[in-house]
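Thanks, everyone, for making the time this morning. I would like to walk through one structure with you, going from strand pairing to helix packing and then to a couple of loop residues.

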Amino acid sequence: MSKIKIQNNIKLLNYTTIKVGGQAEYFSEPSNISELENILKWASNKNINCQIVGAGSNLLISGHTLKELFICTKKLKAVNLNPETGILEAESGVMLPTIANLLAKNSCKGGEWSIGIPGTVGGAIFMNAGYGDFSIANHLISVKVIDPQTLHIFKISKKDLAFQYRFSPFQKNRLIILSAKFYFEPGGNKNLITETTKANLKNKINSQPYHLPSCGSVFKNPDNYYAGKLIEELGLKGFKLGGAQVSTMHANFIVNNLEASSEDIYQLISLIQEKVQQKKGIFLHPEVRMIGF
């Protein structure tokens, strides 16, 4: 077994985009897939539960000490694109903007929407991340996974995965995403793809609070409604609870005014749900993944 590096009592706020979170009793950041396998073997032998963290966007971790092993996949970032076929293979830690820029540079169409999303490939598949009418599942061919119990590595074809809006089966099963294969349309107009990608980024920067720590969109859009619009209609835009605030730019974002605790954010999420349920009769389902609550 190659040497593995397990750290103790690591502050998780440094690994989330909203900059809150308690301590992980065990923490590891593998540099390659075989290192990840060995870390999982170690955890399995010690009967320690594992949590996978990518870029830590769309993630809210409680402020307690969590007696689990947190594995950060950000160093698993091998990526390969064949511009002739439009086939892209990427490890789970590759960032979505990296893919958007790589596709644009190689005249491949279809990934323009993914610019400016501060998530990894693994996280995007896990959440079935998207923007507007686009989602990651639309481009997926197959996913390579590992079962943390048996350490068996295998591929799953997209047709065997029932993706839904902001949902993948990985939210229910215990499988860990190692890498994925995608198809994007080759031979496109490079200038047009680049312009669309740039315009998408500009649009996001102008409408979302990129300047403050957040965990991205907090709630899934209910049928025929926008979560942000419902929250805004209740006059909650800019509403503060402790150091957490409903963004003044986009009401479906909660920002950390640099002194928020995990609890502040969690309570603000609950309060928004309560108010929307009371006044609009709609239950807002969180898009953000919560650990330790």
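Let me start in strand 12, where S179 is the bridge partner of E91. Please keep in mind throughout that what you have in front of you is a predicted model. That pair of residues belongs to a longer stretch of pairing, since strand 7 and strand 12, the latter covering residues 176-183, are joined in the antiparallel sense over five bridges.

Strand 7 also has a partner in strand 6: residues 79-82 and residues 87-91 run antiparallel and are joined by four bridges. Within that pairing, N82 stands opposite I87 of strand 7. The hairpin that these two strands make has four residues between the strands, and in it G86 adopts a positive phi near 80°.

Now to a separate topic, the open sheet. Four strands form this sheet, in the order 13-16-15-14, with antiparallel pairing. Strand 13, at 214-217, and strand 14, at 240-241, are the edge strands, each of them pairing on one side only. Strand 13 is held to strand 16, residues 253-256, by two bridges, and the two strands run antiparallel; there, S214 has V255 of strand 16 as its bridge partner. Packed on the sheet is helix 6, residues 262-280, which touches strand 14, strand 15 and strand 16, and whose direction makes about 30° with that of strand 15.

Next, the helix pair. How do helix 2 and helix 4 cross? The axes of helix 2, residues 96-105, and helix 4, residues 190-207, come within 8 Å and cross at roughly 155°. An angle over 145 degrees counts as roughly antiparallel, and helix 2 and helix 4 are therefore roughly antiparallel to each other. On the helix 2 side the contact is made by A100, A104 and K105, while helix 4 contributes K190, I193, T194 and T197. Sorted by class, this contact comprises three nonpolar, two polar and two charged residues.

That leaves two loop residues, and the background to them is that most residues other than glycine have a negative phi. S107, in the loop between helix 2 and helix 3, has a positive phi near 60° without being a glycine. Its relative accessibility is 17%, so S107 counts as buried, the cut-off being under 20%.

The other one is N128, which sits in the loop between helix 3, at 121-127, and strand 8, at 130-131. N128 is likewise not a glycine, and its phi is positive, at about 50°. Is N128 buried or exposed? With a relative accessible area of 4%, N128 is buried. What does its side chain reach? The side chain of N128 comes to 2.7 Å from the backbone oxygen of Q164, and one of its polar atoms lies 3.2 Å from the backbone nitrogen of A137. If we leave aside the neighbours within four places in sequence, N128 is in contact with S135, I136, A137, F163, Q164, R166 and F167.

To close, I would ask you to look once more at N128, where a positive phi goes together with a buried position and with side-chain contacts to the backbone of A137 and Q164.

Conventions: Residues numbered from 1 in each chain as written. Predicted model: local features only at pLDDT ≥ 70, side-chain atom pairs only at ≥ 80, totals over all residues. Heavy atoms only, no water. Axes fitted to C-alpha atoms, helices over the stretch in contact; angles between N-to-C directions. Parallel < 35°, antiparallel > 145°, perpendicular 65-115°, else oblique. Contact = heavy atoms within 4.5 Å. Nonpolar A, V, L, I, M, F, W, Y, C, P; charged D, E, K, R; others polar. Pairing = 2+ DSSP bridges. Buried < 20%, exposed > 50% of the residue type's maximum accessible area, 1.4 Å probe, protein only. Polar contact = N/O pair within 3.5 Å; in protein donor to acceptor, adjacent residues only side chain to side chain.
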